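Work through the exercises below with the coordinates open, and try each task before reading its solution.

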Amino acid sequence: MKLTVATPLAIIVEAETVAHLRAEDETGAFGILPGHTDFLTALSVSVVTWRDGDGAEHHVAVRGGMLEMRGGKAITVATREAVADDDLNHLETEVLAAFERRTEEELTARTDAQRLYLAAIRQICRFLKSERAAAIPGGAGASSPGGLER
């Protein structure tokens with residue numbers, strides 16, 4: 001099988017003779033052998049491991065992404081970030097921790113931006129409501145009790 005791991009800026013891995021691949025999605029770890037049926041899955045922040053034709057094991061840490069198996073012989077991984085390294089311990093301890101930290105920071109930033117957006121919408125609504133009330137005779141500025149004109 002052929003394996004390609006790509007980020008938006010670079011191709012990180014191109015391996016021509018992949019005998020077996022192990023990856024992880026939200027349901028857990030899974031393996032792929034040559035001839036596997038076509039499928040598409042969203043990867044977790046994890047390490048993708050494969051064995052080449054000579055039996056050597058290789059690894060690449062991915063920051064989530066999509067894995068596509070096509071035609072039983074081509075695996076493509078598209079991810080935001082990837083680091084290839086044959087030192088599995090380094091990938092699992094340092095690189096995955098950094099990926100998870102960045103993912104958490106992005107989630108926090110998106111949440112904060114959404115809160116600011118909603119606060120701005122609320123302010124606009126309050127402003128428009130107060131302008132509308134001021135424009136209506138007997139509205140917010142009326143001095144009679146109950147807002148009724150005499």
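The exercises that follow go from the whole chain to a single residue and then to a surface patch, and they concern a predicted model.

**Exercise 1.** Determine how the secondary structure elements are ordered along the protein chain, and whether the chain is more spread out than a compact globule or not.

*Solution.* Begin with the inventory, which comes to one helix and eight strands. Reading from the N terminus on, the order is β-β-β-β-β-β-β-β-α. The radius of gyration is 27 Å, whereas the globule rule gives 15 Å for 150 residues, so the protein chain is more spread out than a compact globule. As a further step, take the extents of the C-alpha trace along its principal axes, which are about 95 × 35 × 30 Å. Finally, turn to burial: of the 150 residues, 27% count as buried.

**Exercise 2.** Decide whether Thr41 is buried or exposed, and describe its surroundings.

*Solution.* First locate Thr41, which belongs to strand 5, residues 39-52. Its relative accessibility is 11%, and because buried means under 20%, Thr41 counts as buried. Next, leaving out residues up to four places away in sequence, list what Thr41 touches: Asp25, Phe30, Gly65, Met66 and Leu67. With Asp25, the side chain of Thr41 also forms a polar contact of 2.8 Å.

**Exercise 3.** Find which residues make the nonpolar surface patch that includes Tyr117, and place Tyr117 in its element.

*Solution.* Start from Tyr117, which lies in helix 1, spanning residues 88-135. Together with Leu118, Ile121, Ile124, Phe127 and Leu128, Tyr117 makes a nonpolar surface patch of about 580 Å².

Notes:
Residues numbered from 1 in each chain as written. Predicted model: local features only at pLDDT ≥ 70, side-chain atom pairs only at ≥ 80, totals over all residues. Heavy atoms only, no water. Patch = residues over 30% accessible without salt bridge, like charges linked within 9 Å, V, L, I, M, F, W, Y side chains within 5 Å. Areas by Shrake-Rupley, 256 points an atom, 1.4 Å probe, with all protein chains shown as cover. Salt bridge = Lys/Arg side-chain N within 4 Å of Asp/Glu carboxyl O. Helix = DSSP H or I, 4+ residues; strand = E, 2+ residues; numbered from the N terminus. Buried < 20%, exposed > 50% of the residue type's maximum accessible area, 1.4 Å probe, protein only. Polar contact = N/O pair within 3.5 Å; in protein donor to acceptor, adjacent residues only side chain to side chain. Contact = heavy atoms within 4.5 Å. Rg over C-alpha atoms; globule rule 2.2 N^0.38 Å.
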